[in-house]
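Work through the exercises below with the sequence and the model at hand. Each task is followed by a worked solution.

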Amino acid sequence: MKIVVIGGTGLIGSKTVSNLSRLGHEVIAAAPNTGVNTLTGEGLAGALDGADVVVDVANSPSFEDDAAMAFFQTAGRNLLAAEQVAGVKHHLALSVVGTERLQASGYFRAKLAQEALIKASPTPYTILRSTQFFQFVGGIVHAAAAGDAIRLPPVLIQPIAADDVAAALTKVVVGQPVNGALEVAGPETFRLDAFAEQYLSAQQDPRTVVADPKALYFGAVLDDGTLIPDAGAMLGETTFEEWLDESMAAD
Ligand SMILES: NC(=O)c1ccc[n+]([C@@H]2O[C@H](COP(=O)([O-])OP(=O)(O)OC[C@H]3O[C@@H](n4cnc5c(N)ncnc54)[C@H](OP(=O)(O)O)[C@@H]3O)[C@@H](O)[C@H]2O)c1
């Protein structure tokens with residue numbers, strides 16, 4: 001199959017491109033620095049010519065509310081229109097578990113808008129919703145930092161290694177479109193404050209994590225169900241401790 005991975009140079013995209021290439025598919029890693037820009041439309045028609053499947057794992061360069069909304073709406077419209085012209089048979093996009101429960105956050109409003117465009121397009125699709133990547137724990141800590149304290153609500157989170165997300169995406173790419181959403185999550189649940197604490201301790205970062213039920217997560221109030229997938233989600237295999245050990249060794 002010819003498969004175009006939009007955002008194919010990013011964290012998940014590059015792993016997915018490698019997996020699909022190893023399976024013998026013709027894979028294009030599409031991104032601005034390979035000459036394909038979904039915001040401007042540059043290079044899109046050429047990349048999609050003859051494509052069977054498009055995997056969209058691009059991300060907005062800015063997480064600011066309006067910028068993220070503009071990115072996912074404009075890029076989504078351009079991409080879905082180009083897919084119709086090219087006769088693409090399956091559009092696959094990566095979204096986030098609990099997106100509809102996180103609508104106090106502008107970024108998640110943008111992700112829901114991206115999902116709505118996909119559902120409204122005639123191209124058969126699958127939305128794979130993932131929980132937070134282990135690689136994103138630094139971003140969570142950064143967003144929750146106030147001086148030397150990291151304030152996080154002690155709610156459940158079921159994060160996953162990026163390798164396991166890419167493996168799940170690869171399985172979905174070679175399957176049939178479900179015209180709906182699937183979920184993937186990590187093998188363990190944590191309390192969000194304990195998850196951040198384990199990361200800071202591995203980094204020998206002296207800052208303190210404060211469990212604060214009222215602390216916001218990217219502007220949203222969380223409860224124990226917000227970040228957790230439904231029963232039946234695909235599960236990754238890598239534990240957080242395994243990932244921490246590997247990433248500390250790599251550093
Ligand atoms: N972080 C999490 O915990 C999490 C959880 C669930 C789902 N997700 C979703 O996973 C997806 C991928 O995230 P990631 O962390 O792998 O992203 P990433 O590493 O930041 O990569 C983003 C990719 O998008 C490309 N891109 C940016 N602007 C583009 C444009 N105008 N046209 C085409 N490509 C463009 C980038 O190319 P350049 O490098 O050339 O700019 C890069 O290849 C996102 O949609 C995100 O919402 C994330």
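**Exercise 1.** How many nonpolar, polar and charged residues does the shell around the ligand have?

Solution. Note at the outset that this is a predicted model. Sorting the shell by class gives 14 nonpolar, 11 polar and 1 charged residues. Next, look at which residues approach the ligand: of the 26 around it, those that come nearest are Thr9, Leu11, Tyr107, Lys111 and Phe133.

**Exercise 2.** Find polar atoms of the protein that face N or O atoms of the ligand, then state how much of the ligand is buried.

Solution. Begin with the oxygen atoms of the ligand. A polar atom in the side chain of Lys111 is 2.8 Å from one ligand oxygen. Phe133 contributes through its backbone, with an N or O atom 2.9 Å from an oxygen atom of the ligand. Then take nitrogen: a side-chain N or O atom of Asn37 lies 2.9 Å from a nitrogen atom of the ligand. Finally, the area: the ligand taken alone exposes 940 Å², and the protein buries 82% of that.

**Exercise 3.** Where does the ligand sit, and which elements give two or more residues to the shell around it?

Solution. The ligand occupies the largest pocket. Two or more shell residues come from each of helix H1 (11–22), strand E4 (90–96) and helix H4 (106–120). E4 gives the largest share, 3 residues.

**Exercise 4.** Why does the salt bridge between Arg129 and Glu100 tie together parts that are apart in sequence?

Solution. The whole structure holds 9 salt bridges. In the one between Arg129 and Glu100, the closest N and O atoms are 2.7 Å apart. Arg129 belongs to strand E5 (residues 125–130) and Glu100 to the loop between E4 and H4, so the pair links parts 29 residues apart in sequence.

Key: Residues numbered from 1 in each chain as written. Predicted model: local features only at pLDDT ≥ 70, side-chain atom pairs only at ≥ 80, totals over all residues. Heavy atoms only, no water. Near = heavy atom within 4 Å. Polar contact = N/O pair within 3.5 Å; in protein donor to acceptor, adjacent residues only side chain to side chain. Areas by Shrake-Rupley, 256 points an atom, 1.4 Å probe, with all protein chains shown as cover. 1 Å grid on protein atoms, 1.4 Å probe; cavity = no way out; pocket = protein on both sides within 12 Å on 5 of 7 lines; lining within 4 Å. Sits in = over half its atoms within 2 Å of the grid points. Helix = DSSP H or I, 4+ residues; strand = E, 2+ residues; numbered from the N terminus. Nonpolar A, V, L, I, M, F, W, Y, C, P; charged D, E, K, R; others polar. Salt bridge = Lys/Arg side-chain N within 4 Å of Asp/Glu carboxyl O.
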